[in-house]
Amino acid sequence: MIKRRSPNTRGFILITVLWIGLGLLLAVSAFLATTRQEALTIRAEVNAARAAELARSGLNLALADLGRINAEQQRSPQDGTPVAVQMAEGTVTYRIFDEAGKIDILRAPSRMVAPALVQIGEAEGLDSFDAVNIADALENLVETQDGTVRSVYSALTSAGLSGQTALAASRYLTTLNMTSRVNPLTAPRAVLAAVPGLGPSDVEEIIARRETGRPMPIFGSAAVWLVEQPGPAFTIEAEAVLTTGGRSLLRAQVAQQGLSFRGGLMRYDILSLDVVR
């Protein structure tokens with residue numbers, strides 16, 4: 001004798017099958033979401049690695065630019081003017097900063113450092129609170145207890161300031177100028193504005209003359225703080241932007257090593273290399 005299932009039994013089986021199907025659907029959805037997230041993470045890591053390599057290419061371009069010693073070869077300005085180069089994977093922009101064009105915080109008097117910090121705040125959009133903290137603590141931050149002198153960027157990031165704030169300050173302040181004087185041929189506007197004896201019109205005159213290749217004017221009382229001589233050390237910022245959206249910014253400090261008789265290029269030692277982003 002065959003027993004027939006009651007309607008209640010058939011309903012229970014149907015609900016069970018539906019629940020099992022829903023569970024499988026949720027499991028598949030979760031698996032697909034996890035796989036997609038992993039794919040996005042891997043893609044982001046690949047983009048970051050490619051951007052970093054492109055930024056390194058920009059660093060090499062800047063070193064080649066910096067090393068040109070033939071007067072007939074065109075050289076980029078060493079005052080932080082950006083130079084953009086289009087490449088297959090994206091665009092790389094490098095900037096060369098002459099450390100002799102910055103204020104050396106270990107050698108320059110406070111009457112130069114303090115106005116420079118005010119100018120930095122205005123030029124780079126730094127918070128006034130950060131500027132005051134930098135002015136008060138910077139000299140103690142760059143010199144460690146064992147006598148090691150760190151870069152301005154390293155000192156500020158170690159103190160907890162953001163990379164952007166440290167990067168902004170390091171474009172105007174240094175520990176590698178080795179003198180209290182600055183090079184008017186490469187000094188940023190904010191640095192020139194902090195030089196005792198230079199007024200706003202003098203600053204604009206200096207910038208206009210160096211942009212057109214004319215000789216510097218007579219500095220008067222400000223001459224004691226100025227010397228037209230590039231330093232042996234430079235900072236290079238190389239930023240890469242991929243066509244796929246990846247970005248990377250490298251910051252390197254390099255020091256002149258000497259002449260290479262083969263190829264006529266100046267050799268440089270890399271003193272520090274920081275990945276800003």
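**Exercise 1. Work out how covered helix 5 is, and which of its residues are buried.**

Solution. Helix 5 spans residues 163-170 and is mostly covered, with six of its eight residues buried. Buried means under 20% relative accessible area, exposed over 50%, and partly exposed in between (1.4 Å probe, protein chains only). Helices (H or I, at least four residues) and strands (E, at least two) are DSSP runs, numbered from the N terminus. The buried residues are Thr165, Ala166, Leu167, Ala168, Ala169 and Ser170.

This is a predicted model: local features need pLDDT of at least 70, side-chain atom pairs count only at pLDDT 80 or more, and totals for chains, interfaces and linings use all residues. Residues are numbered from 1 along each chain as its sequence is written, and side-chain values use heavy atoms, leaving out hydrogens and water.

**Exercise 2. Place Arg251 and list what surrounds it.**

Solution. Start with the element: Arg251 lies in strand 6, residues 247-259. Next, its exposure: Arg251 has a relative accessible area of 1%, so it is buried. Then its side chain: this makes a polar contact of 3.5 Å with the side chain of Ser170. A polar contact is a pair of N or O atoms within 3.5 Å; within protein, one must be able to donate a hydrogen and the other to accept it, and residues adjacent in sequence count only if both atoms are side-chain atoms. Ser170 is also one of the buried residues of helix 5. Last, the wider surroundings, where contact means heavy atoms within 4.5 Å. Leaving aside neighbours within four places in sequence, Arg251 is in contact with residues including Tyr153, Leu167, Thr235, Glu237 and Asp274.

**Exercise 3. Describe strand 5: its burial, its pairing with strand 2 and its part in the aromatic pair.**

Solution. Strand 5 covers residues 233-242; eight of its 10 residues are buried, so the rest of the structure largely encloses it. Strand 2 (residues 90-98) pairs with strand 5 in the antiparallel sense, over nine bridges. Two strands pair if DSSP finds at least two bridges between them. One bridge joins Arg95 to Glu237 of strand 5.

Now the rings. The structure holds one aromatic pair. The ring centres of Phe234 and Tyr268 are 6.1 Å apart and the planes stand at 80°, so the pair is edge-to-face. Rings of Phe, Tyr and Trp (its six-membered ring) pair if their centres lie within 6.5 Å; planes under 30 degrees apart count as stacked, over 60 as edge-to-face and the rest as tilted. Phe234 sits in strand 5 and Tyr268 in strand 7 (residues 266-275), 34 residues apart. Both are buried.

**Exercise 4. Find the largest nonpolar core and the helix that gives the most to it.**

Solution. A nonpolar core is a set of buried Ala, Val, Leu, Ile, Met, Phe, Trp, Tyr and Cys residues joined through side-chain atoms within 4.5 Å. The largest has 38 residues, and Ile103, Leu138, Leu173 and Val195 have the most contacts inside it. Elements giving two or more residues include helix 2 (110-124), helix 3 (128-142) and helix 5. Helix 2 gives the most, with five. A second, separate core of 13 residues includes Ala62, Tyr94, Val254 and Tyr268.

**Exercise 5. Judge the confidence of the model.**

Solution. pLDDT is the predictor's confidence in each residue, from 0 to 100. The protein has a mean of 80, and 82% of its residues reach 70 or more. Over residues 259-263 the value is below 50. Where pLDDT is low, the predicted coordinates should not be read in detail.
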